[in-house]
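Here is a short note for a colleague opening this structure for the first time. Please keep the viewer open while reading.

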Amino acid sequence: MTRFKSDFLRTLDERGFIHQTSDDQGLDELFRTETVPGYIGFDPTATSLHVGSLIQIMMLHWMQQTGHKPIALMGGGTGMIGDPSFKDEARKLLTPEGIESNLAGIRQAFAPYLTFGDGPTDALMVNNADWLLGINYVEFLRDVGRHFSVNRMLSFDSVKLRLDREQSLSFLEFNYMILQAYDFVELNRRYGVRLQMGGSDQWGNIVNGIDLGHRLGTPQLFALTSPLLTTASGAKMGKSANGAVWLNADMLSPYDFWQYWRNTEDADVGRFLKLYTTLPLDEIARLEALGGAEINEAKKLLANEVTALLHGRAAAETAAETARKTFEEGALAEDLPTIAVPAAQLSAGVGLLTLIVEAGLAASNGEARRHVKGGAVRVNDEAVADERRQLGDGDLTDAGVIKLSLGRKKHVLVRPAG
């Protein structure tokens with residue numbers, strides 16, 4: 001039995017989103033009796049968010065679905081510093097132009113999950129640069145900085161771990177938690193925000209905002225954090241063998257995104273269905289109970305549902321059909337990831353190892369060589385054992401491509417260009 005009465009917290013609790021709250025009872029009563037604005041902050045460190053941020057986006061989604069107002073806060077101001085939480089070293093400082101470029105890319109990921117507008121439960125996207133970049137530093141120190149105890153800030157795990165390892169923490173980074181706390185207060189003043197959500201590594205930063213609000217006279221503010229997710233084998237969410245699992249289609253194809261979820265470990269299927277899809281819980285319980293070969297059907301459903309939420313149902317169905325043709329029929333599916341090689345270069349011959357690396361199937365020639373020696377590489381579905389093999393025009397299929405495969409699940413088409 002869930003401990004919550006409000007639709008929002010009950011949904012999050014039943015689906016496994018809640019790690020910690022600042023006040024279970026008070027927060028539950030607030031969501032049961034009012035339309036609550038709440039927010040999550042996203043710093044623009046790249047031109048796309050990756051799968052590691054999807055749990056936060058889904059929390060905003062459920063907030064809106066249960067009748068409340070989600071706010072996605074873009075860190076155009078705090079992004080100029082970078083969150084030092086649990087990092088071994090300072091983030092690379094971004095230019096204002098780089099931040100704006102990243103923000104433009106990041107915004108794309110929210111539209112499939114949230115309805116934006118001016119209504120009481122319509123989502124908002126705001127940028128903390130709007131208030132942080134115009135701050136008068138001396139006034140800010142006097143009015144806000146005086147409420148922060150350095151002794152207490154040094155006790156937070158995110159800072160303490162860095163200092164315990166004798167790794168430098170710059171004064172610039174030390175200010176990040178003050179600015180994030182101020183964001184919470186400013187969002188309350190501007191939009192009536194009462195809740196900040198984030199990953200469990202953000203607990204200290206969020207509680208700072210609650211304390212600052214109390215000192216500056218806001219209504220009671222609340223914190224809710226989600227667990228930091230890893231896969232059953234301990235891998236960090238958002239990472240794959242080929243790098244980050246990006247949400248934007250121009251950085252990771254819907255097919256590769258679908259494949260990431262199709263390759264979910266058996267032990268994670270039920271948990272991921274609860275967190276990353278909107279399927280009913282009784283249906284998820286049925287799928288979770290499947291065993292043997294049947295679990296693969298649950299994995300395909302997981303991949304279909306997560307991909308459909310982000311990229312649309314048509315893209316999910318295309319990805320599923322591409323996978324079916326490739327793996328079940330051995331056919332050449334035109335929707336596979338593709339790289340272009342200059343036609344003249346291909347005519348002259350390109351080394352197999354070079355193509356494997358260019359296709360992203362290996363990080364280096366050495367790794368590619370090991371794959372070949374291990375019998376994992378195929379060209380046009382035929383195993384290749386010669387690491388010195390050159391590929392050229394003679395390897396093009398009737399479709400005008402070369403199909404390069406690593407194992408059973410990774411395939412890339414090589415097309416001549418120009």
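The points below cover the cores, the strands, one serine and the salt bridges.

1. Ground rules. This is a predicted model, where local features need pLDDT of at least 70, side-chain atom pairs count only at pLDDT 80 or more, and totals for chains, interfaces and linings use all residues. Residues are numbered from 1 along each chain as its sequence is written, and side-chain values use heavy atoms, with hydrogens and water left out.

2. The main core. Start with the largest nonpolar core, which has 69 residues. A nonpolar core here is a set of buried Ala, Val, Leu, Ile, Met, Phe, Trp, Tyr and Cys residues joined through side-chain atoms within 4.5 Å. Buried means under 20% relative accessible area, exposed means over 50%, and partly exposed lies in between (1.4 Å probe, protein chains only). F110, W261 and Y276 have the most contacts inside this core. Helix 3, residues 54-65, gives the most to it: eight residues. Helices (H or I, at least four residues) and strands (E, at least two) are DSSP runs, numbered from the N terminus.

3. Around F110. Which residues does F110 contact, leaving aside its neighbours within four places in sequence? They are F42, L49, I57, L60, A72, M74, F116 and M125. Contact means heavy atoms within 4.5 Å.

4. A second core. Another core lies apart from the one just described. It has 31 residues, including A181, Y182, V193 and L212.

5. Strand 15 and its partners. Strand 15 covers residues 410-417 and pairs with strand 9, residues 338-342, in the parallel sense over five bridges. Two strands pair if DSSP finds at least two bridges between them. P342 stands opposite A417. Strand 14, residues 402-406, is joined to strand 15 by five bridges, and these two run antiparallel. There, S405 has H411 as its bridge partner. Strands 14 and 15 form a hairpin with three residues between them. In the turn, G407 has a positive phi of about 65°.

6. Two faces of strand 9. In a regular strand the side chains alternate between the two faces of the sheet. Strand 9 shows such alternation. I339 and V341 point to one face and are buried. T338, A340 and P342 point to the other and are not buried.

7. A buried serine. Is S6 buried or exposed? S6 is buried, at 1% relative accessible area. This residue is found in the segment before helix 1 (7-15). A polar atom of its side chain lies 3.5 Å from the backbone nitrogen of L9. Not counting residues up to four places away in sequence, S6 touches D28, F31 and R32.

8. Salt bridges. The count is 18, each being a side-chain nitrogen of Lys or Arg within 4 Å of a carboxyl oxygen of Asp or Glu. R152 and D211 form one of them, at 3.0 Å from N to O. This pair links distant parts of the chain: R152 is in helix 7 (residues 150-155), D211 in helix 11 (residues 203-216), 59 residues apart. R152 is partly exposed at 35%, and D211 is partly exposed at 27%.

9. A pair within one helix. E283 and R286 also meet in a salt bridge, at 3.0 Å from N to O. Both sit in helix 14 (residues 281-288), three residues apart, so about one helical turn separates them. E283 is partly exposed at 25%, as is R286 at 45%. Elsewhere, salt bridges that share partners join R3, D13 and D24 into one network.

Notes
Polar contact = N/O pair within 3.5 Å; in protein donor to acceptor, adjacent residues only side chain to side chain.
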